[in-house]
Amino acid sequence: MLKGKTAIVTGSSSGIGLGVARALAGQGANIMLNGFGDTPETVAKLKTEFAAMGVKVDYNPADVTKPDQLAAMVDAAHKNLGGVDILVNNAGIQFVSPIDQFPIEKWDAVIATNLSSAFYATRLVLDAMKTKGWGRVINIASAHGLVASAGKSAYVAAKHGIVGFTKVTALESAGTGVTSNAICPGWVLTPLVQKQIDAIVAKDGISNAQASEKLLSEKQPSKQFVTPEQIGGLAVFLCSDAAAQITGSAYSIDGGWVAQ
Ligand code: NAD
C-alpha cells in the first residue's frame with residue numbers, strides 16, 4: 001500500500017516509534033529512522049532488519065529539539081530516500097514531579113522534545129507534500145493530550161499542545177491531499193513507561209508485575225497494555241485511502257482510559 005512512499009519516524013529506535021516504523025515498512029514504505037544517543041550496534045541492527053523487509057532505510061541521529069538537525073534529516077530523506085511523504089512526530093520524554101518542585105530545565109526539555117519538535121519538523125515537509133498532492137502527518141500524542149494526571153504538568157501541556165497543533169496543521173492543509181492526525185495511546189509497555197513502573201517498585205516495595213498491575217488499574221480499564229504493533233496498525237490505517245478525509249482528529253487507543 002505504501003510502496004514508493006517515504007516516512008520519517010522520529011524516535012524510532014525504540015518503543016512506539018519502532019512499532020510504527022515496522023508497520024509502515026511492512027506496507028512497503030522507505031524509512032528514515034531516528035533516535036537520540038543510539039549505539040552504532042543498535043543502528044546497524046535496525047538497518048539490517050529494515051533492509052531485510054525490502055525497503056530503503058536510513059538512520060539520522062537528529063536531536064528533535066534542534067531545528068537545524070531536523071532540517072539536515074529532512075534533506076537526507078530527500079537525497080537518500082526520495083522525499084518525505086509521511087512524517088510521524090513520535091519522539092518524546094517524560095518527567096514526573098509536582099509543579100512547585102518541577103525543575104525549569106526539565107519543563108523546557110519536555111516541551112521542546114514533545115511539542116516544539118513537531119512544529120520544527122512539520123514546517124519543513126508540508127510544502128513538498130502539498131505540491132505532490134499527498135501527505136500524512138501523524139503526531140503521537142497521548143491520553144494525556146485529552147485528560148490530565150497529577151505530576152505530569154509539562155507532559156500534559158505538551159500533549160494537549162500537540163493535539164491543538166495537529167488541528168491547525170489539518171486546517172492549513174485541508175483539500176490538498178495532506179492530512180494531519182494525532183494518535184492518543186494509553187499505557188504502552190516501553191522503556192518510557194518501564195521507568196514509571198520501576199519508580200512504583202522502589203516506592204511501594206512491590207514486584208514488577210504488581211507495579212504494572214497498579215499502574216494499569218489506576219487509568220486503563222482494560223488493564224492490558226496497548227502494543228506498539230497496534231499503534232503501528234492505526235498509523236497504517238491513517239495512511240490508507242479510507243482515511244483520506246480523516247484530518248484534524250485525535251484517535252484514542254487506550255483500553256478505555258479517556259472514556260471514564
Ligand atoms: P521510548 O523511550 O521507548 O522511545 C523514545 C524514542 O524517542 C527513542 O527512540 C529516543 O531515542 C527518542 N528520543 C528521545 N529524545 C529525543 C530527541 N531529543 N531527539 C531524537 N529522538 C529522541 O518512548 P515511547 O514510550 O515509545 O514513547 C514514544 C512517544 O509515545 C512519546 O512521544 C510518548 O510521549 C508517547 N506515548 C507513550 C506512551 C507509553 O505508554 N509508552 C503513551 C502515550 C504516548
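Is Q220 buried or exposed? In this predicted model, Q220 is buried, because its relative accessible area is 1%, well on the buried side of the 20% cut-off. Q220 sits in the loop that links α7 (208-219) to α8. Once neighbours within four places in sequence are set aside, the contacts of Q220 are G186, W187, F225, V226, D254, G255 and W257. The loop between α7 and α8 also holds K223, and here the backbone offers a small surprise. Most residues other than glycine have a negative phi. K223, however, has a phi near 55°, a positive value in a residue that is not glycine. With a relative accessible area of 48%, K223 counts as partly exposed, because this value lies between the 20% and 50% limits.

The surroundings of Q220 lead on to the domain arrangement. The domain assignment of the protein divides it into domain 1, made of 6-186 + 226-259, and domain 2, which covers 189-224. Taken over C-alpha atoms, the centres of the two domains are 25 Å apart. Contact between them involves 15 residues on the side of domain 1 and 10 residues on the side of domain 2. Together, domain 1 and domain 2 bury about 880 Å², and carbon and sulfur atoms account for 54% of that area. Within the area that domain 1 buries against domain 2, a share of 42% comes from V226, G255 and W257, more than from any other three residues. These three residues, V226, G255 and W257, also appear among the contacts of Q220. As for polar interactions, three residue pairs are in polar contact between domain 1 and domain 2, with both residues of each pair at pLDDT 80 or more. The rule finds zero salt bridges across this interface.

Attention now turns to the nonpolar interior. The largest nonpolar core comprises 36 residues, and L24, I31, F50, I183 and I231 have the most contacts inside it. At least two residues of this core come from each of the strands β1 (6-9), β2 (30-34), β3 (57-60), β4 (86-89) and β5 (135-140), and likewise from each of the helices α1 (15-26), α2 (40-51) and α8 (228-238). Helix α1 gives the largest share of the core, with seven residues. I31 offers a helpful view of the packing: not counting residues up to four places away in sequence, I31 touches A7, A21, L24, A25, F50, K56, V57, D58 and L81. Two of these partners, L24 and F50, are themselves listed with I31 among the residues with the most contacts inside the core. A second, separate core has 19 residues, including V74, A76, V84 and L87.

Not every position in the elements that feed the largest core is hidden. A51, for example, belongs to helix α2, yet A51 counts as partly exposed, because its relative accessibility is 44%. A51 and L238 are separated by 187 residues in sequence, and their C-alpha atoms lie 24 Å apart in space.

Charged side chains complete the picture, with five salt bridges in the structure. One of these pairs R22 with E49, and their closest N and O atoms are 2.6 Å apart. R22 is in helix α1 and E49 is in helix α2, so this pair ties together parts that are 27 residues apart in sequence. Both partners are partly exposed, R22 at 34% relative accessibility and E49 at 27%.

A further salt bridge joins K132 to D85, where the closest N and O atoms are 2.7 Å apart. Here K132 comes from helix α4 (residues 104-132) and D85 from the loop between α3 (67-81) and β4, so the pair ties together parts that are 47 residues apart in sequence. The two partners differ in their exposure: K132 is partly exposed, with a relative accessible area of 48%, whereas D85 is buried at 4%.

The side chains of K203 and D204 also meet in a salt bridge, at 3.8 Å from N to O. K203 is exposed, with a relative accessible area of 70%, while D204 is partly exposed at 30%. Through salt bridges that share partners, K203, D204 and K214 are joined into one network.

Key. Residues numbered from 1 in each chain as written. Heavy atoms only, no water. Core = buried A, V, L, I, M, F, W, Y, C linked by side-chain atoms within 4.5 Å. Buried < 20%, exposed > 50% of the residue type's maximum accessible area, 1.4 Å probe, protein only. Helix = DSSP H or I, 4+ residues; strand = E, 2+ residues; numbered from the N terminus. Contact = heavy atoms within 4.5 Å. Domains from an automatic or database assignment. Buried area = accessible area lost by both parts, 1.4 Å probe. Salt bridge = Lys/Arg side-chain N within 4 Å of Asp/Glu carboxyl O. Polar contact = N/O pair within 3.5 Å; in protein donor to acceptor, adjacent residues only side chain to side chain.
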